[in-house]
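Q: Hey, can you help me look at how the parts of this protein fit together? I'm new to this.

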Amino acid sequence: MKGRVFSGARPTGRQHLGNYLGAVQNYVALQEGYETIYCVVDLHALTTLTGTELLVQNTFDMVLDWLAAGMDPKRSIIFVQSHVPAVSELHVILSMMTPMSWLTRVTTFKEKVQQQPENVNYLLLGYPVLMTADITLYKADTVPVGEDQLPHLELAREVVRRFNNRFGPVLVEPQAKLTEFPRVLGLDGVQKMSKSLDNHIELAADPETTSKRVMQMVTDVSRVYRRDPGHPEVCNVFSLHKQFSPDEAEAIAADCRAAALGCVECKRRLAASLNAWLAPFRERRARFEADPDYVWDVLADGAKRAAAIAYPNLEEIKRAVGLPVSRVLA
Ligand code: SF4
């Protein structure tokens with residue numbers, strides 16, 4: 001029997017190369033060997049947002065990119081978290097199984113308190129419990145995570161074990177599928193690629209904008225003159241060449257080291273590779289964008305399929321806890 005993968009992503013709108021290399025390409029690949037459930041976690045987004053007016057558009061834009069990148073609604077359940085409200089109910093139940101001390105020690109909570117001291121809301125603390133509800137509601141046994149997310153998943157597993165010890169083996173304990181997510185740097189070559197830092201290249205950008213952004217990339221800073229030998233191993237342009245022009249990468253590295261290739265020309269070649277790679281993506285995206293009803297129907301169908309797993313499971317959980325299950329549901 002195939003394992004079941006669950007993964008959620010906040011609705012961040014149009015995706016960039018960092019999102020693609022760090023998550024979306026893995027989502028697409030996992031469709032081969034697993035039952036895959038991918039969720040736009042809009043409720044999680046509320047913990048850090050100051051305004052919510054872009055949530056709908058951001059959800060639409062992100063799902064457009066997902067579909068264009070090869071996430072297939074016939075093979076994956078793709079849906080919006082809040083469209084299956086059972087997750088909020090399970091979050092409440094699991095909240096009462098989770099000691100406060102487990103949550104206050106979470107490093108990302110401490111970081112968020114520093115980052116947004118004016119908005120230390122309740123769910124900022126309860127976030128890992130909502131995440132546990134996301135995973136366990138859909139009986140997912142596999143969660144793709146990077147090394148840095150392992151502590152979150154371990155907390156989810158602790159909550160599951162605590163619940164199952166008390167009420168019986170009802171919840172599926174998820175396992176981490178440790179995945180190497182390349183850390184994609186932004187145009188500055190220092191910080192992680194991010195929309196908020198405006199150092200990103202969008203997948204959906206037109207060819208001119210893409211080229212312009214590539215030409216702004218910082219290269220090996222120790223290479224001052226064209227005649228200086230470069231160090232491709234520390235150059236962000238080269239790390240994108242490895243992803244998007246793999247056949248040329250070896251020659252580029254050698255020419256860079258021998259000062260036979262200038263950075264301007266190297267970036268021009270990267271822009272050309274990137275635009276060639278993005279061309280079919282842009283075509284597919286334009287087709288989906290022209291038919292917004294299709295995109296919302298994908299999400300509606302995904303919510304229906306997700307709910308078909310969620311509600312019987314929630315009922316079983318409530319019975320295990322000892323809650324009186326409504327006759328309307330029974
Ligand atoms: Fe980087 Fe290319 Fe310049 Fe070498 S030639 S430093 S790989 S941009």
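A: Sure, let's go through the domains and then the place where they touch. Keep in mind that this is a predicted model.

Q: OK, which domains does the assignment give?

A: It gives domain 1, made of 4-184 + 292-321, and domain 2, which is 207-287. Their C-alpha centres lie 34 Å apart.

Q: And how many residues does each one bring to the contact?

A: Domain 1 brings ten residues and domain 2 brings eight.

Q: What area is buried between domain 1 and domain 2?

A: About 860 Å², and carbon and sulfur atoms give 68% of that.

Q: Which residues of domain 1 lose the most area to domain 2?

A: Leu17, Leu21 and Ala68, which together account for 53% of what the domain 1 side buries.

Q: Switching topic: how many salt bridges are there across the interface?

A: The rule finds one between domain 1 and domain 2. Looking at a pair in detail, aspartate 65 forms a salt bridge with arginine 285, and the closest N and O atoms are 2.4 Å apart.

Q: How many residue pairs are in polar contact between the domains?

A: Two, with both at pLDDT 80 or more.

Q: Back to the domain 1 side, which elements give two or more residues to it?

A: Those are α1 (17-30) and α3 (55-69). The largest share of that side comes from α3, with five residues.

Q: And what classes of residue are on that side?

A: The side of domain 1 that touches domain 2 has seven nonpolar and three charged residues, but no polar ones.

Note on methods:
Residues numbered from 1 in each chain as written. Predicted model: local features only at pLDDT ≥ 70, side-chain atom pairs only at ≥ 80, totals over all residues. Heavy atoms only, no water. Domains from an automatic or database assignment. Contact = heavy atoms within 4.5 Å. Buried area = accessible area lost by both parts, 1.4 Å probe. Salt bridge = Lys/Arg side-chain N within 4 Å of Asp/Glu carboxyl O. Polar contact = N/O pair within 3.5 Å; in protein donor to acceptor, adjacent residues only side chain to side chain. Helix = DSSP H or I, 4+ residues; strand = E, 2+ residues; numbered from the N terminus. Nonpolar A, V, L, I, M, F, W, Y, C, P; charged D, E, K, R; others polar.
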